[in-house]
Amino acid sequence: MKRIRRREFILSGSALALAHPARAQLALPDLIPRRLLFSAPDRTRVNISPDGKLIAFLRPVDGVQNVWVAPLADPGSERALTKISDRDVNSQIVWPYDNRHVVYFREQGGDENWQAHAVDVTNGEIKPLTPGPGVTSYVQQTSVHFPGELLVGHNARDKRFFDVHRVNVATGESKLVYRNDRFAALFTDPHFNVAFGFLYRPDGGYDLIKPDGTLFRRIEADDAYTTGPIEFSDDGRTLYWLDSTNRDRSALVAQDLASGKFHVMSEDIYADYGEPVLDPVTRVPIAAPAVYGHRRWEVLDPAALPDLDIIKTSIQGELGGFNLCNDRSHWVVYGEPTAKPGRFLHYDRAAGKVNLLFSSRPALEKRTLMPMEPVVIPARDGLKLVCYLTRPPHVGRDRATPLVLLVHGGPWFRDYPDFNTTHQWLANRGYSVLSVNYRGSLGFGKDFVNAGNHEWAGRMHNDLIDAVEWATTEMIAVPSQVAIYGASYGGYSALVGVTFTPDRFACAIDLFGISNLVSFAKAIPPYWKPWEPVLKTRMGDVSTEEGRKFLESRSPLTFVDRIQTPLLIGQGGNDVRVTADESDQIVAAMQKRHIPVTYVFYKDEGHGFRRVENRLSFTAVAEAFLAKHLGGSVESVGDDFKGSSIEFRAGRDLIPGIG
C-alpha cells in the first residue's frame with residue numbers, strides 16, 4: 001500500500017543432457033539460452049508523463065538497466081537519459097507533475113541505501129535529491145498542485161526513522177517538512193500535509209496518530225496486513241482504504257471525513273483487493289484488481305467502463321495494470337500472458353484504439369513457452385492453497401516429470417499469474433514447476449495470512465509438503481525427483497526442507513535464506529525497528545527466553561545434523577535483510593560435520609542479484625546442480641561467468657561442467 005513502508009524479507013552455448021533415468025524419452029525443444037531469460041528486460045516499467053506526451057521506461061544500456069524516454073506518438077525515437085554502467089537502477093521511476101523530470105533510485109553494491117535522483121528530459125542533467133551514501137529514501141507524495149516538487153522520505157538524520165522533506169526536483173533544494181522520531185511510516189495528502197503516522201503496538205496492530213498526537217484510527221493486529229489507507233481524494237473529503245475490518249477479505253472502502261462513516265465501494269468473495277489505479281488529478285479510484293487464481297478488475301468509475309472493455313478485448317492474457325495522463329486521454333497498458341512476454345500498449349481514448357508500444361522481451365516472442373496455470377490444492381487441514389503450475393513442453397498430462405517446488409519470499413507476499421522467467425527456464429529444462437501460496441501469503445484474506453502466525457517451519461512448511469504430495473498423486477511429479485528452491489523466506493524454506501523433512505527432497509537451492517531465526521531477528525536493519533512488533537507477533541519474540549527457544553526450534557541451523565540432501569547456497573555480501581552471517585553459519589556447521597555443500601558468494605550484491613553478470617553466473621550453477629540431481633537439460637556455462645563476482649566458498653567440485 002502507498003507509503004506504508006512494509007519490509008519484505010522478501011527473490012549461448014551448446015546444450016548437453018546429463019544421463020539420468022528422468023530424461024528417458026523426454027522430447028524437449030531447443031534450450032532457451034539463460035541470457036535471454038535473465039538479462040534485463042528489453043523494456044519495462046513504462047510510465048506516461050502527466051501531459052501525455054512522453055513515456056519513461058527502463059531499458060538496458062550495455063546490459064545495465066537505465067532510464068529512457070520517448071515521445072508517446074513516436075516510441076521509436078527513444079533515447080537514454082542515464083548511462084549507468086555498474087548495476088541496474090531500481091525498478092521504481094516517477095514522473096513529477098512538471099513533465100520535465102523523471103525521478104529514479106540507485107544504491108551501491110546491494111546495500112539498499114536508495115538515493116533519489118532527478119534527470120531532466122530536455123537536457124539530461126541529473127541532480128541528487130537525497131543524501132548519500134548510507135541513506136535510504138523513497139517518494140512520499142507527488143501532487144498536481146506542486147508540479148516541480150516532491151515529498152521525499154529519507155533516514156539521513158536517524159537511521160531508524162524517515163523524515164519527510166519537500167524537494168525541488170529542478171534544483172535539488174530540500175526543506176524539512178516533518179521530523180519523525182517514532183513512526184514506522186507517515187501518511188500525507190495531495191496538498192503535502194502530514195495527516196498521520198503509523199505507530200505499531202506490541203500486539204502487532206497499529207495506531208494512526210495525527211500530528212497533534214490524537215488517535216485517528218486503531219487497527220487491530222488481525223487486520224494489520226489487510227487494512228490500510230490508500231489516498232485522500234484531492235478535495236480532502238474522502239479517504240480511501242483497503243479494509244478487512246468486520247470481514248475476512250480486504251474491500252475497497254471510502255471514508256467520509258466529515259462524518260467519519262465508511263462506505264464499501266466493492267469487495268470480492270475470494271480475494272483481497274489490490275491497490276486501485278487512481279485518477280491522476282482527483283485521486284478517485286478508477287479500477288482495482290482482485291487476484292485469486294486469475295486477475296479480476298473491478299471498474300469503480302462508470303466513466304472508465306467503456307475504456308476497460310476496449311482494453312480487455314485488445315490485450316493478450318491478463319490486464320497487469322495501467323497508468324494514464326492527467327486528462328485521461330492516453331493510457332499506457334500492460335498486458336501479461338503467462339506463456340508470452342508482457343506487452344506495453346497505448347490506449348488512445350478519443351480514437352478508442354489500442355496499439356502495441358513494446359514487448360518486454362522481444363527475443364522470446366517466438367520461443368516455445370508454457371502457460372503458468374492456477375490450481376487450488378487442499379492443505380491437510382482443509383485450507384485452500386492457490387498455486388501455479390508450469391509443465392515442460394511436449395510432455396503429456398499423464399506423464400510425471402521431475403518437479404521444482406519454487407517458494408516465494410516474504411513470507412508476506414504472494415505468487416501471481418505472471419510471465420515468470422524462472423518458471424519458463426525450469427520448464428524448458430524439463431521440470432514441472434510448482435509455486436505455492438502457503439498460509440501467511442497475502443491476497444487471500446486476513447484469516448489466511450494470520451494462519452501463518454508462529455508457523456514458520458510448522459504449518460507453512462506442511463502446506464509446501466501437501467502441495468508436493470498433490471503433485472505426485474496427480475502424476476505430475478516423480479516422487480523421488482523433487483527439488484525445493486527459493487530466495488529469502490523461500491531460501492529459509494529450502495533449508496527447512498532439508499532439515500525438517502530430509503527424506504522429501506532430492507536437492508535444494510537456498511538463496512539468501514535464514515538459517516538461524518534468533519540471529520536474524522537480532523540483526524534487522526535499524527529502519528525495521530519501528531516495525532519489529534509485527535515480526536515478534538508473526539514469527540516469534542527474540543526478546544524473551546521462551547521466544548528464543550521457540551525460534552531455535554524453528555531454525556534449520558538447530559537441526560543441521562539431519563542434512564543428507566545435496567544443497568546449493570547463494571548469498572550477497574551486502575545483504576541487509578538476511579545478512580551473510582545466515583549462510584556462513586549453516587555452511588560452517590555443515591563443514592564441521594563433513595556434510596557436503598556448495599556455497600556461492602557475491603561480494604557486490606545484497607538481497608537479490610541486480611548485476612546481470614551475477615544473475616547469469618548463479619543460474620548457470622543452479623542449472624548444472626539441478627541437472628546432476630534431477631536429470632534435466634543443461635546449457636553449457638559458456639561465458640556466463642564473465643564479469644561476475646562469483647566466488648565459490650565451498651563445494652565447487654560438486655557442480656559438474658563449470659570448470
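Biologist: What is the mean pLDDT of the protein?

Modeller: This is a predicted model, where local features need pLDDT of at least 70, side-chain atom pairs count only at pLDDT 80 or more, and totals for chains, interfaces and linings use all residues. Residues are numbered from 1 along each chain as its sequence is written, and side-chain values use heavy atoms, leaving out hydrogens and water. pLDDT is the predictor's confidence in each residue, from 0 to 100. Here 96% of residues reach 70 or more, and the mean is 94.

Biologist: Over which residues is the pLDDT below 50?

Modeller: Where pLDDT is low, the predicted coordinates shouldn't be read in detail. One such stretch still has 107 contacts (heavy atoms within 4.5 Å) beyond near neighbours in sequence, and it covers residues 1–27.

Biologist: Which strands stand at the edges of the open sheet?

Modeller: Strands here are DSSP runs of E, at least two residues, and helices are runs of H or I, at least four, each numbered from the N terminus. Two strands pair if DSSP finds at least two bridges between them, and this antiparallel sheet runs 9-10-11-12. Each edge strand has a single partner, so one side is left without a neighbour in the sheet: they're strand 9 and strand 12.

Biologist: Which helix gives the most to the largest nonpolar core?

Modeller: A nonpolar core is a set of buried (under 20% relative accessible area, 1.4 Å probe, protein chains only) Ala, Val, Leu, Ile, Met, Phe, Trp, Tyr and Cys residues joined through side-chain atoms within 4.5 Å. The largest one has 90 residues, with L434 and W456 among those with the most contacts inside it. Seven of its residues come from the top contributor, helix 5.

Note on methods: Buried < 20%, exposed > 50% of the residue type's maximum accessible area, 1.4 Å probe, protein only.
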